[in-house]
Amino acid sequence: MPLILVTNDDGVGSPGLRAAAAALEEMGDVLIVAPLQQQSGVGRAMPPGYEGCITRQRLAINGHQVEAFGIEGSPAQVVQHGVMELAPRQPDLLVAGINYGENIGSGITVSGTVGAAMEGADFGIPSLAVSLQTAPEYYLNHSEAVDFATTVYFLKLFARQALSVGLPPGVDLLKIDVPQSATPQTPWRWTRMSRQRYFVPVKPHRRRPGDPGPMGFEIRVDLQTLEPDSDIRAVAVDRVVSVTPLTLDMTAPVLPARLGEWLP
């Protein structure tokens with residue numbers, strides 16, 4: 001049986017994590033490892049303050065109790081502990097999600113969901129980062145009001161293919177974003193990461209610099225400059241499922257000769 005490592009950034013108590021594990025249980029042996037606390041927005045960070053303590057948990061999956069591991073650490077650190085300490089063998093697939101909230105646009109490296117999948121890819125594991133578009137008020141909670149059924153459908157589709165033939169050549173991970181309004185009949189589309197910023201920072205309002213003032217954000221879409229093949233266009237405008245092939249290679253696609261022209 002394939003070994004599937006399931007993780008997230010919302011924490012081990014997330015219904016989205018349970019939904020992903022339940023969907024994948026029929027495809028292989030599922031190992032559930034997730035942060036003990038909410039870790040949204042930490043990307044692929046390796047904070048030095050975490051001690052990596054591992055706590056055994058019991059989760060209700062498909063009507064029975066399944067062992068899971070809550071780990072003190074960021075999503076990427078959790079993946080490291082899972083692969084190097086808890087997995088009996090190299091996982092055949094890593095799934096990060098299902099995340100509360102879409103991860104689209106130029107800021108995707110902020111996402112702990114994407115960060116966990118990147119870390120899995122760096123171990124040579126085919127990895128999926130799976131997110132469901134939600135209203136912002138659901139981003140940081142574990143609401144049972146969010147319906148993951150359609151996202152589960154698409155997760156199964158791409159997980160089966162990845163387990164069968166691996167990811168497409170040259171692809172290290174797939175980022176899958178499902179619109180809030182999607183059904184199993186909703187089309188899916190290959191996309192590219194938009195260069196637009198989707199979550200735009202908003203300046204805090206405070207009287208003195210020492211007052212609390214966390215940055216806010218708002219969602220913006222500039223239709224005039226939005227790329228037609230982008231993840232933002234697919235999810236936020238056309239309301240279709242976005243599947244973005246990503247690579248760990250962040251080298252700019254520029255010819256060496258052009259670089260020589262810039263600084264001979």
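Mentor: Buried means under 20% relative accessible area, exposed means over 50%, and partly exposed lies in between (1.4 Å probe, protein chains only). This is a predicted model: local features need pLDDT of at least 70, side-chain atom pairs count only at pLDDT 80 or more, and totals for chains, interfaces and linings use all residues. Residues are numbered from 1 along each chain as its sequence is written, and side-chain values use heavy atoms, leaving out hydrogens and water.

Trainee: How many aromatic pairs does a search of the whole structure find?

Mentor: Rings of Phe, Tyr and Trp (its six-membered ring) pair if their centres lie within 6.5 Å. Planes under 30 degrees apart count as stacked, over 60 as edge-to-face, and the rest as tilted. The search covers the whole structure, and the count of aromatic pairs is eight.

Trainee: What kind of aromatic pair do F158 and W188 form?

Mentor: Their ring centres are 5.1 Å apart, with 85 degrees between the planes. The pair links distant parts of the chain: F158 is in helix α4 (residues 149–165) and W188 in strand β8 (residues 188–190), 30 residues apart. Helices (H or I, at least four residues) and strands (E, at least two) are DSSP runs, numbered from the N terminus. The F158–W188 pair is edge-to-face.

Trainee: Is F158 buried or exposed?

Mentor: Its partner W188 is partly exposed, with a relative accessible area of 35%. F158 has 8% relative accessibility, so F158 counts as buried.

Trainee: What is the angle between the planes of W188 and W190?

Mentor: Here the ring centres are 5.2 Å apart. W190 counts as partly exposed, at 44% relative accessibility. The W188–W190 pair is edge-to-face because its planes stand at 80 degrees.

Trainee: Why is helix α3 called largely enclosed by the rest of the structure?

Mentor: Helix α3 spans residues 112–122. Its buried residues pack against β1 (3–7), α2 (75–86), β5 (93–100), β6 (127–132) and β7. α3 is largely enclosed because the buried share is 10 of the 11 residues.

Trainee: Which residue caps the N-terminal end of α3?

Mentor: A polar contact is a pair of N or O atoms within 3.5 Å; within protein, one must be able to donate a hydrogen and the other to accept it, and residues adjacent in sequence count only if both atoms are side-chain atoms. Here a side-chain oxygen lies 3.1 Å from the backbone nitrogen of T113. The oxygen belongs to the capping residue, S111.

Trainee: Which backbone nitrogen does the side chain of D177 reach?

Mentor: D177 lies in strand β7 (residues 173–178) and counts as buried, at 0% relative accessibility. Contact means heavy atoms within 4.5 Å. Beyond its neighbours within four places in sequence, the contacts of D177 include E102, S131 and V241. At 2.9 Å, its side chain reaches the backbone nitrogen of N103.

Trainee: Where is the peptide bond that is cis?

Mentor: Most peptide bonds are trans. This one has omega near 0 degrees. I98, on one side of the bond, lies in strand β5. The cis bond runs from G97 to I98.

Trainee: What is the phi of N62?

Mentor: Most residues other than glycine have a negative phi. N62 sits in the loop between β3 (54–61) and β4 (64–71) and is partly exposed, at 49% relative accessible area. Though not a glycine, N62 has a positive phi of about 50 degrees.
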